[in-house]
Every structure is written in C-alpha cells, then in structure tokens.
Amino acid sequence: MSFYTSVLRPALFRLDPERAHHLAVGLAARAGAVAPLLRAVTAVDDPRLAQTIAGLGLPSPIGLSAGFDKNGDAVASLAALGFGFVEVGSVSAEPSNGNPPPRLFRLPDDRALAVAYGVPNAGAAAVSRRLAGQRLPVPLGLNIVGTNRGPGAPAVCDDALIAEYMQAARLLAPVSDYLMFNLSCPNTTDGRDFFADPVRLDAWLTALDETDYAPRPSFLKVSPLGGVAMIEQLLEIVGRHRKITGFMFNLPSGKPAGLTTPRAVWERMPGAVSGPPSAALLDDCLVECCRRMDRGRYVLFASGGVSTAADAYAKIRKGASLVALLTALVYEGPGVVRRVTRGLIDLMDRDGVKHISEVVGVDVR
C-alpha cells in the first residue's frame, strides 16, 4: 500500500467528499511554486509515448479529465504530476453556483463517485484572467459548457445557448491549447439533451465555423446514449463542418446496472457515476465511433474506470489516442499517474510495440 492509500485516503474519506475535493485543489494550488521540481521527479519522459495530435505536442497519452480543477486554480501542480495534458472545467460563459449540495458522493465498494455538481464555476472571464500568462509543459484544455442557472430558471432559447458557447470560446481560446465543447453534461437540465437534436447540433456547428475565436483544436464531448444510430448521426453532421478534430464520450445520467454498492445507498444519491461502473458503456461507444469515423481526420479521447496501465492500454487499443482519468486520483492518489504511464511502457515492451501510436485502434475491426 502507498502512503496515500494507507494514511492520506483514510483521513480524506472522513471528510465530506466535496470538502475533501476543495482541500485537494487548494493544496495543489499552493504547491504551484515547486511544480518544476515535482515534474522532474514524477514525469515519465519516453519518446515512445510522445505524440503530435492536431498540432498539440503531448509527452504522454495519459491526461487529467475536466472536473477536478474547475476554475484553473492548480494547473501548474497538476501538470507536474506527470500528466500528458490537463483539462480545466467545465467552464460556462457566466458564473454558476451549480446544483445545491450535497452533490458529490463516494461509492467505495465500486471505487466510484456519484457526481451531481452541476458545473459550478467562476465563469469564462474569471477563468481566462486566472490562466492568462500561464505556461505549462503539457497542453492545457478548456472544457466549455452551457451555464447552469439552477432549478426553476427559465429555459434558454436556442440562439442564446449557442451564443453562450461562442462567448466562452472567444474568452478561453487565448489561454488554452485546445477546447473541449461539453455538449452533454449529465448534471444539468439544459445541457443534457439540447444537442441530441440534429437540427440544433447542425446550427451550433455552423456558428462554430463562423466564429472568430483564436484557432485552437476543438473537440466534442457528447452523450454515450443512443447507440450506433447516435454515433452515425453525429459523424454525419460533424462531417459537414470543419472545426471539430475529435470526440469524447461523457458519463451517462443516472446509475449504471451492476453496482456493488447496495441500492439502498446509491438510490439516495443524485448524479452520474464515474469510475469503473461507467467503463463498459463508454468503451462500447469508443469502439463503435472508431469503427465508423475517418481516422485520418478525427481522434478519440477515452475515459471511464482508468486506474491501471492495463485499463489505459485497453482503451488505446479500442481506438483512443488520449486517455483521461480523474476518479483514480481519489482512490489511488497522485502517484497513479506515474504508475499508469510507466506501466504503459512495460506493456509496449511486452508486445514489442515501438510507439504508442501503433496500437491505437488495433482491436477495432
């Protein structure tokens, strides 16, 4: 057992989950001054893992998913943990308090979290100011979402919601290396189904084509629901436009089947479940999208239940060029980044793989 799992995790798990999260982000923010020293110890620099994707130089395919650092408070320290990329957010055009607490829950029997935050964040203008002048050794992504104005707020019309995404993109693009447009937040009402309508999706992509934000690689984070028909529809619509470089599948709303945690416990918890219980559905989407997309044009991010090198390697073989983790930090601690990255090299050595790009999608027929 590591120091984290034997000492720190038991202490953190005695705290309310959201309080523990804020404490972790706060400590990481204060450690920014020693980030270069920390990265010198934690980073696994091996050219076999380095890739250039959509013009982004990535030293490793293992990155931090949006949701941990919602406002860009601790990006220097997080990049220093050995991640190949760091994604901040989700960030909306306007500030949001998110959903009322409690809104974060642990499911230790499943090594999972139930997340119902509702994208609380300081707003795109504040996050842009915070990140101005920030220089990281890895690409910085900004995850953009519609503003959650809370229960009972009047519905936002189509043009207004599309304009919000464009406003946030213009503010955040100059301080980012890539943009991830979150079109399917499972924890807000407006964000869950709006872009499932193909007419709305097409209208938004048209606005994106025409917007004047600074050029950045742009990706879509979309719902994992709807099966093959949804994926084919997505690819058909996006194919008519020009700014989208790839995709990531979001957590589904609700609770997945097969949880070890007793129903009497989880049925009282709002929100989507992250971690291993989400892996099967997200992997299915990954494979089906890889099978149908133009691999010369698009790349895939993967997430869901990544806590070992074998988890990450399997997702790469199923089509992912990049693999993001978050929940594993809660259960395994920051050392999980180096273990997963180092383990990828061991798996490549075992299989005689000279570069990680050689195995992207090899299991997809």
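Visitor: What is the relative accessible area of Leu8?

Guide: Leu8 is partly exposed, at 38%; buried means under 20%, exposed over 50%, and partly exposed in between (1.4 Å probe, Shrake-Rupley method, only the protein chains shown as cover). The model is predicted, so local features need pLDDT of at least 70 and side-chain atom pairs pLDDT 80 or more, whereas totals for chains, interfaces and linings use all residues. Residues are numbered from 1 along each chain as its sequence is written, and side-chain values use heavy atoms, without hydrogens and water.

Visitor: Which helix holds Leu8, and which residues make the nonpolar surface patch?

Guide: Leu8 belongs to helix 1, residues 3-12 (a DSSP run of H or I, at least four residues). Phe3, Val7 and Leu8 make a nonpolar patch of about 280 Å² (residues over 30% accessible, without a salt bridge, i.e. Lys or Arg nitrogen within 4 Å of an Asp or Glu carboxyl oxygen; nonpolar side chains joined within 5 Å).

Visitor: How many residues has the largest nonpolar core?

Guide: Nonpolar side chains tend to be buried together in soluble globular proteins. Here the largest core (buried nonpolar residues joined through side-chain atoms within 4.5 Å) has 93 residues, and Leu220 and Trp204 are among those with the most contacts inside it. Another core, of 12 residues, lies apart from it and includes Ile53 and Leu322.

Visitor: Is Thr341 buried or exposed?

Guide: Thr341, in helix 14, is buried, at 1%. A polar atom of its side chain lies 2.7 Å from the backbone oxygen of Val337. Beyond four places in sequence, Thr341 is in contact (heavy atoms within 4.5 Å) with Val44, Leu49, Ser60, Ile62 and Gly82.

Terms used
Patch = residues over 30% accessible without salt bridge, like charges linked within 9 Å, V, L, I, M, F, W, Y side chains within 5 Å. Helix = DSSP H or I, 4+ residues; strand = E, 2+ residues; numbered from the N terminus. Polar contact = N/O pair within 3.5 Å; in protein donor to acceptor, adjacent residues only side chain to side chain.
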